[in-house]
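Have the sequence and the model open side by side. The text below moves from a loop to a strand and ends at a helix.

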Amino acid sequence: MAFIWIDGINTTWGKVILTGLAGGAFTRIAFDSVRVLKLLFIFGKYSRPSHTKHYRDILGPLIGSQKEYCLILRPFGSDGEIIIPHIGRIPQNGISATSTMEQVIARKCYKQLGFRTYTIVDQNRRLAPPGPVYLRASNDEWKVAAKELILRAHTIMLVVSPHQDVRESLWWELKCIVEHDLKTRMLLLLPPPSQDHAVYTNARRQTCVILAALDDYLCFNDDPVDLHGNANPTRLSDRVEYYESNLPPFLHAVQFTPSRDEDDESETTCWSIEPNKSGVLRTRATVKNYEGVIEQMLTANTRRLSKLGFSSRYPWPRGYRSAPDPDRKM
């Protein structure tokens, strides 16, 4: 998947210089300006790529302040891979205005609450698609950054990768969420169900696996998590099948809603695109659909947390203190 941004227009030569990320590489390509400007008219306003920041430069001041923020969790290397259309009708020519999932989340969080959105990327990623604040962290340090960000997040957006199974790193993050009773601050977001069927089916399957694991906390006692080797593998397998059978077929988001009875488990709320009477999906999950889900999640979280003072919202010790790394290259 390639992500391209306008870098500049050379009016003398009639060329548009495009800058983009393709397979992690930063490339520059010249195109005929007339054709590109026609595409810009179709796709809307362009955006420049974001420069990532080292987590040590951001995390200490952020955690030590009373600024609230939102957090995106997803596997390393999957940033910008979910593309969401702005228009609901499935176009005949396959072209419509689009945004990445990260852009949709970051824009909505800022517009509704004035919150910035943060996410972690691999230490070698210097540029990323526009959207949230990208924090670079090495394989040896990402858990430090992830835990501190999780414990201080107002809302956690878990983006289910359409191309990867749930890996050990995500299980570790989910375990941290479970241990600190933050499940109801988390929203699971899937790729649009109207896109590649096999890709969406895999993402939906991974969502069922995540939900089943969250139903059976014993599976987090394994390190790494082994879904078929935990204390009760039969039950977990049954729960995966339960969710696969009972979740809506064209699911695009899942939220955990606290029960009114504090002794009861949280409930699962799902959002999906409704098919027609024949069971065929004629419209797509659009930016508007995802913004609506995110808005409801942010509103619910804000309502619950507003009843608490800041220290009660985030009661865990702030263990991280930023310190300069003399060996780190900027």
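In this predicted model, the side chains of Gln164 and Arg167 are joined by a polar contact of 3.0 Å. Gln164 sits in the loop that lies between strand β12 and helix α5 (168-179). Is Gln164 buried or exposed? Its relative accessibility is 17%, and because the cut-off for buried is under 20%, Gln164 counts as buried. Apart from neighbours within four places in sequence, Gln164 is in contact with Pro75, Phe76, Ser78, Asn202 and Gln206.

The loop leads back to β12, and from there to β6. Strand β12 (residues 155-159) runs parallel to β6, and 4 bridges join the two. Within β12, Leu158 is the bridge partner of Leu73. Strand β6 is also joined by 4 bridges to β9 (residues 116-122), again in parallel. Here Leu71 has Tyr118 of β9 as its bridge partner.

Strand β6 itself covers residues 69-73, and 5 of its 5 residues are buried. Which residues point which way from β6? Tyr69, Leu71 and Leu73 point one way, while Cys70 and Ile72 point the other way, and all are buried. In a regular strand, side chains alternate between the two faces of the sheet.

Tyr69, found in β6, can be followed further. With a relative accessibility of 1%, Tyr69 counts as buried. A polar atom of the Tyr69 side chain lies 2.8 Å from the backbone oxygen of Leu149. Tyr69 and Phe115 are 46 residues apart along the chain, yet their C-alpha atoms are separated by 4.9 Å. When neighbours within four places in sequence are set aside, the residues in contact with Tyr69 include Leu62, Ile63, Phe115, Arg116 and Tyr118. Also among them are Glu148, Leu149, Arg152, Ala153, His154 and Thr155.

The last stop is helix α6. At the start of α6, a side-chain oxygen of Asp196 comes to within 3.0 Å of the backbone nitrogen of Ala198. What span should α6 have, given its 19 residues? Helix α6 takes in residues 197-215, so at 1.5 Å a residue the expected span is 27 Å; the C-alpha atoms at its ends are 27 Å apart, which agrees. Buried residues of α6 include Tyr200, Ala203, Arg204, Gln206, Thr207 and Cys208. Val209, Ile210, Leu211, Ala212, Ala213 and Leu214 are buried as well. One of these buried residues, Gln206, is in contact with Gln164, which brings the route back to the loop between β12 and α5.

Terms used:
Residues are numbered from 1 along each chain as its sequence is written. This is a predicted model: local features need pLDDT of at least 70, side-chain atom pairs count only at pLDDT 80 or more; totals for chains, interfaces and linings use all residues. Side-chain values use heavy atoms; hydrogens and water are left out. The expected span of a helix is 1.5 Å times one less than its number of residues. Buried means under 20% relative accessible area, exposed over 50%, partly exposed in between (1.4 Å probe, protein chains only). A polar contact is a pair of N or O atoms within 3.5 Å; within protein, one must be able to donate a hydrogen and the other to accept it, and residues adjacent in sequence count only if both atoms are side-chain atoms. Two strands pair if DSSP finds at least two bridges between them. Contact means heavy atoms within 4.5 Å.
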